[in-house]
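Student: I am new to this structure and would like to go through it slowly, one place at a time. Could we work by question and answer?

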Amino acid sequence: MFSLHIDTARTWRGGQHQVLLTVQGLRALGHRAVLVAHPTGELFRRMSEGHDLIGLAPRHEVDLAAAWRLWRVIKQLRPEVVHAHDPHAVSTAALALSFGSRSPAPFFVAARRVDFHLKGNSLSRWKNRQVDRFIAASNAIRDMLIEDGIDESRAVTVHEGIDIDRVLSAPPINIHAEYWLPMHAPIVGNVAALVPHKGQRYLVEAASLVLRDVPDARFVILGEGELRPQLEHQIHERRLDKHVILAGFRPDVMAFHRSFDLFVMSSVTEGLGTSLLDAMAASKAIVATRTGGIPEVVADGETGLLVPPRDPQSLAEGLVKLLTNDGLRAGMARRAFERVQSRFSATRMVEQTLNVYEGRDRAGYVDGSAPPADTANRLASG
């Protein structure tokens with residue numbers, strides 16, 4: 001199976017990691033997978049030592065020049081599947097495929113990783129009609145797609161996955177020494193961009209309540225984003241400077257997962273939450289909000305505790321319950337690892353994605369009809 005993957009983001013977040021795992025996983029299974037990514041983006045950089053990599057930088061959602069270049073790539077390489085991994089990639093691919101005809105036409109797949117409603121404007125409706133199959137990262141997202149008018153037959157759930165061995169191989173970091181924290185202070189970790197829907201403002205409020213029962217607790221929040229100034233002000237205003245640390249973006253995030261005592265996700269909305277999967281692979285119990293795809297990941301009362309979103313009091317109660325009960329926390333941590341290992345591995349995600357690709361009529365494709373691998377590399381410079 002020959003697939004071409006498109007991701008237009010310059011930043012590195014969970015979606016880009018899923019693209020990397022998908023492309024690498026397909027290649028490991030012996031399938032050709034070409035990646036089209038932003039030439040100055042983090043995904044392009046991390047994949048730059050490999051082959052079948054093409055730079056493309058759409059300036060906006062309707063960039064006709066970028067779409068035309070993508071059409072040239074598709075026409076020359078003749079992939080069986082075109083898989084767009086973000087909204088701008090869907091727009092660019094839809095435009096590209098509209099420039100000309102190919103027989104047979106590539107199977108057009110769109111990833112959907114956020115639990116936001118589809119836009120209702122004419123461009124959005126047009127591009128979504130061009131998609132043959134939507135791959136939703138959770139059942140919650142699939143339900144939202146159907147609610148927005150996508151036929152059930154065109155939407156399938158493939159839960160995101162992680163490289164469990166990568167988490168386990170990361171050496172734990174000494175967080176207490178790194179941030180000059182009291183040696184026996186329990187560490188509650190959060191990994192998420194500092195943006196409104198991740199709900200860290202509610203986590204900071206919850207932290208002030210947790211300290212009444214667990215006064216030595218520390219909260220380490222990894223991630224960057226637009227809300228950093230507001231969160232810094234909130235932390236200072238609540239006199240939490242010694243207890244809540246905004247650690248920023250860390251490339252060694254897996255080392256932190258290994259060293260947290262407890263993991264918390266305070267999201268208001270969440271497609272699935274791959275940082276939850278990382279924490280579970282590191283054998284950490286979870287306290288998270290009951291929203292989006294999170295209940296599909298965290299089994300309430302078994303691998304963690306689920307609480308209502310935007311509810312600092314309930315979030316604090318869940319954190320205190322696990323911080324003050326070592327046996328309960330350890331049991332949930334063990335079951336969390338078992339759950340992620342059986343249901344959310346990258347291998348399973350890639351195999352299910354491949355099943356989506358192969359679950360269509362492939363008549364008309366001839367083995368060996370695609371150009372050799374170095375063709376894509378030549379296109380990258382032309």
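Tutor: What follows is a set of questions and answers on this model, which is predicted.

Student: Which residues touch the most other members in the largest nonpolar core?

Tutor: In soluble globular proteins, nonpolar side chains tend to be buried together. In this model the largest nonpolar core holds 37 residues, and the ones that touch the most other members are V220, F260 and L276.

Student: Which helix gives the most to the largest nonpolar core, and with how many residues?

Tutor: One of the residues that touch the most other members of that core is L276, and L276 is among the buried residues of α12. The helix that gives the most to this core is α12, residues 274-281, and its share is 5 residues.

Student: How many of the residues of α12 are buried?

Tutor: Residues count as buried when their relative accessible area is under 20%. In α12 this holds for T274, S275, L276, L277, D278, A279, M280 and A281. The helix is thus described as mostly covered, and the number of buried residues is 8 of 8.

Student: Which residues does F260 touch, if those up to four places away in sequence are not counted?

Tutor: F260 belongs to the largest nonpolar core, where it is one of the residues that touch the most other members. One of its contacts, V220, is named with F260 in that same group. With residues up to four places away in sequence left out, F260 touches I175, I187, G189, N190, V191, V220, L222 and K284.

Student: How many residues are in the other core, which lies apart from the largest one?

Tutor: This other core includes L209, L211, F219 and V244. Lying apart from the core of F260, it has 32 residues.

Student: Which residue in β13 stands opposite A288?

Tutor: Strand β12, residues 286-289, runs parallel to β13, and 4 bridges join the two. In β13, which covers residues 304-307, G304 and L306 point one way while L305 and V307 point the other way, and all of them are buried. The residue of β13 that A288 faces is L306.

Student: Why do the buried residues of α3 lie on the same side of the helix?

Tutor: Helix α3 runs from residue 64 to 77, and its 14 residues reach 20 Å from the first C-alpha to the last, close to the 20 Å expected. Its buried residues are A66, A67, L70, W71, V73, I74 and L77. They lie on the same side of α3 because they cover an arc around the axis of only 160°.

Student: Which residues are exposed on the other side of α3?

Tutor: The buried residues of α3, including W71 and I74, take up one side of the helix. On the other side, the exposed residues are L64, A65 and K75.

Student: Which residue caps the N-terminal end of α3?

Tutor: At that end, a side-chain oxygen lies 3.2 Å from the backbone nitrogen of A65. The residue that provides this oxygen, and so caps the helix, is D63.

Student: Is A57 buried, exposed or partly exposed?

Tutor: A57 is found in the loop between β3 and α3, and, leaving aside its neighbours within four places in sequence, A57 is in contact with H38, P39 and D63. Partly exposed is the range between 20% and 50% relative accessible area. Because its relative accessibility is 34%, A57 counts as partly exposed.

Student: Is D52 buried or exposed, and which side chain does its own side chain contact?

Tutor: D52 lies in the loop between α2 and β3, and its phi is positive, about 55°, although D52 is not a glycine. Because its relative accessible area is 1%, D52 is buried. The side chain with which D52 makes a polar contact, at 3.0 Å, is that of R32.

Student: What is the relative accessible area of W180?

Tutor: Most residues other than glycine have a negative phi, and most peptide bonds are trans. W180, in the loop between α8 and β8, has a positive phi of about 55° although it is not a glycine. W180 is exposed, and its relative accessible area is 80%.

Technical notes
Residues are numbered from 1 along each chain as its sequence is written. This is a predicted model: local features need pLDDT of at least 70, side-chain atom pairs count only at pLDDT 80 or more; totals for chains, interfaces and linings use all residues. Side-chain values use heavy atoms; hydrogens and water are left out. A nonpolar core is a set of buried Ala, Val, Leu, Ile, Met, Phe, Trp, Tyr and Cys residues joined through side-chain atoms within 4.5 Å. Buried means under 20% relative accessible area, exposed over 50%, partly exposed in between (1.4 Å probe, protein chains only). Contact means heavy atoms within 4.5 Å. Two strands pair if DSSP finds at least two bridges between them. A polar contact is a pair of N or O atoms within 3.5 Å; within protein, one must be able to donate a hydrogen and the other to accept it, and residues adjacent in sequence count only if both atoms are side-chain atoms. The expected span of a helix is 1.5 Å times one less than its number of residues. The arc is that of the directions from the helix axis to the C-beta atoms.
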